[in-house]
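Work through the exercises below with the sequence and the 3D structure side by side. Try each task before reading its solution.

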Amino acid sequence: MNDSFSTVAVSSLPSAGDENPSCNAAGDAGFLWDFWYPAVRSSEIRGRKLVTAMLLEVPLVLGRTDDGRAFAMRDSCPHRGIPLSYGRFDGKAVECGYHGWKFEACSGRCIEIPSLTSQDKLKVERIFAGHFPCEERDGYVWVYMVQPGTRLPESIPRAPQLPVFSQGYKITHLDCELPSHVDQGIIGLMDPAHGPFVHQSWYWRSRVSIHEKEKKFEPIPNGFRMSTHAPSANSAPYKLLKRMTGEPVTTTIDFVLPNVRLEEIHSGKLWFSSRATVTPVRRDLCRIDFVAAWNVAAWMPLVVPIFRSFAKKFLRQDQLTMIQQAEGLKHNPRLMLIDDADRPAKWYFGLKAGLLESRRTGEAMVHPLTGPVTLHWRS
Ligand code: FES
Ligand SMILES: [Fe+2]
């Protein structure tokens, strides 16, 4: 992907300790199916190029038809399994490189088997290559991942879209791979206590600035919200924002299954909106995709590069920490989630279990939060 940091391929399975139900030894990788996941950046699929990606351990081949539609097929020919990405794409159909079977890119329907003669009765159009719903939003190609071998649900929601609050804004994208199970990536994303240690820097916050915090949370469908509040006063960017508008700064942070963290910051007419998703590539590899948009200072051309370099540094600090953590997780340690700093992580596991159970039983989902909760921690 564009702007990738170093690609890491440290392999380690998450621990199957009691407090860490990431994935079990029986082979269930602990993925959440039937959701949209970002596969590649839109800018990566151009012309008649075929691009490969992996989501939830499913190999995909992606491209764009001549009329501009993005598509995602399983990167495997239904005939003998060779990756379709080794074949050819004519702008409409993908032709397998082995025996030349041709598949309509958007539907996966087979349209030609060159070896058939007029004697053959085989109904070519009944053969399909694996294909997945695909939509482009915010500069990403999103793929709706259903577990191979299962049917698409009758109706599927639209792919996620970053909230924006005015016309005319800057938008930027970053990504970074983490050598961990998606659950570790997600709980890392919602963990407040690592900030002063991992992200120490003069312009953000330092170890000496650790102080007690009280944050209110509330349940939202499939997730939880850190209720709208005034952000930490000791962070330079917030101070600056307040100075620019003279109005109070508020921030709201949501986590929503399967993997989305949304943050909205407002101060007067200025706003900042960001989304981080942690996408499972394999059970031992996930990727953070971070997109941010803001109307803060369209008139300050330096804001984008400065913001990007800060955000990159943040992500790199998290990445390094997770590489180090993966080293430890290889040896299957028992892990702990403690109150209250790790409570959001417990809620995440609770949401995940609740969702799976409600899908299994068809009953309403049991939410780990029954109402507003106030958490206390030092960070
Ligand atoms: S393997 Fe693809 S056409 Fe035979
Ligand atoms: Fe972090």
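**Exercise 1.** What is the site of the iron ion (ligand 2), judged by the angles among its 4 donor atoms?

This is a predicted model, in which local features need pLDDT of at least 70 and side-chain atom pairs count only at pLDDT 80 or more, while totals for chains, interfaces and linings use all residues. Residues are numbered from 1 along each chain as its sequence is written, chains are lettered from A and ligands numbered from 1 in the order in which they are written, and side-chain values use heavy atoms, with hydrogens and water left out.

Step 1. List the donors, that is, N, O and S atoms within 2.8 Å of the metal (3.2 Å for Na, K and Ca); water is not among the atoms, so sites may look incomplete. The iron ion (ligand 2) is coordinated by NE2 of H194, NE2 of H199 and two OD atoms of D318, at 2.1 to 2.5 Å.

Step 2. Apply the angle rules. Four donors are tetrahedral if all angles lie between 85 and 135 degrees; four are square planar and six octahedral if opposite donors are over 155 degrees apart and all others between 65 and 115; anything else is irregular. Here the angles run from 55 to 146°, and the site is irregular.

Step 3. Place the donors along the chain. Their spacing is H-x4-H-x118-D. H194 sits in the loop between α1 (182-189) and α2 (195-198), and D318 in helix α4 (residues 303-329), 124 residues away. Helices (H or I, at least four residues) and strands (E, at least two) are DSSP runs, numbered from the N terminus.

Step 4. Classify H194. Buried means under 20% relative accessible area, exposed over 50%, and partly exposed in between (1.4 Å probe, protein chains only). H194 has 18% and is therefore buried.

**Exercise 2.** Which parts of the chain does the salt bridge of E135 and R158 tie together?

Step 1. Recall the principle: side chains of opposite charge can pair when their charged atoms come close. A salt bridge is a side-chain nitrogen of Lys or Arg within 4 Å of a carboxyl oxygen of Asp or Glu. The search of the whole structure finds 19 of them.

Step 2. Take the pair itself: E135 and R158 meet at 3.3 Å, N to O. E135 belongs to strand β10 (residues 134-137) and R158 to the loop between β11 (140-145) and β12 (170-178), so parts 23 residues apart in sequence are tied together.

Step 3. Compare the two ends. E135 is buried at 17%, whereas R158 is exposed at 61%.

Step 4. Repeat with another pair. R282 and D284 form a salt bridge with their closest N and O atoms 2.9 Å apart. R282 is partly exposed at 29%, and D284 is buried at 13%.

**Exercise 3.** In what order do the 4 strands of the open sheet stand?

Step 1. Find the pairs: two strands pair if DSSP finds at least two bridges between them. The order is β5-β6-β7-β8, with antiparallel pairing.

Step 2. Find the edges. β5 (88-89) and β8 (110-112) each have a single partner strand, so one side of each lacks a neighbour in the sheet.

Step 3. Check one pairing. Strand β7 (residues 102-104) is joined to β8 by 2 bridges, and F103 has C110 as its bridge partner in β8.
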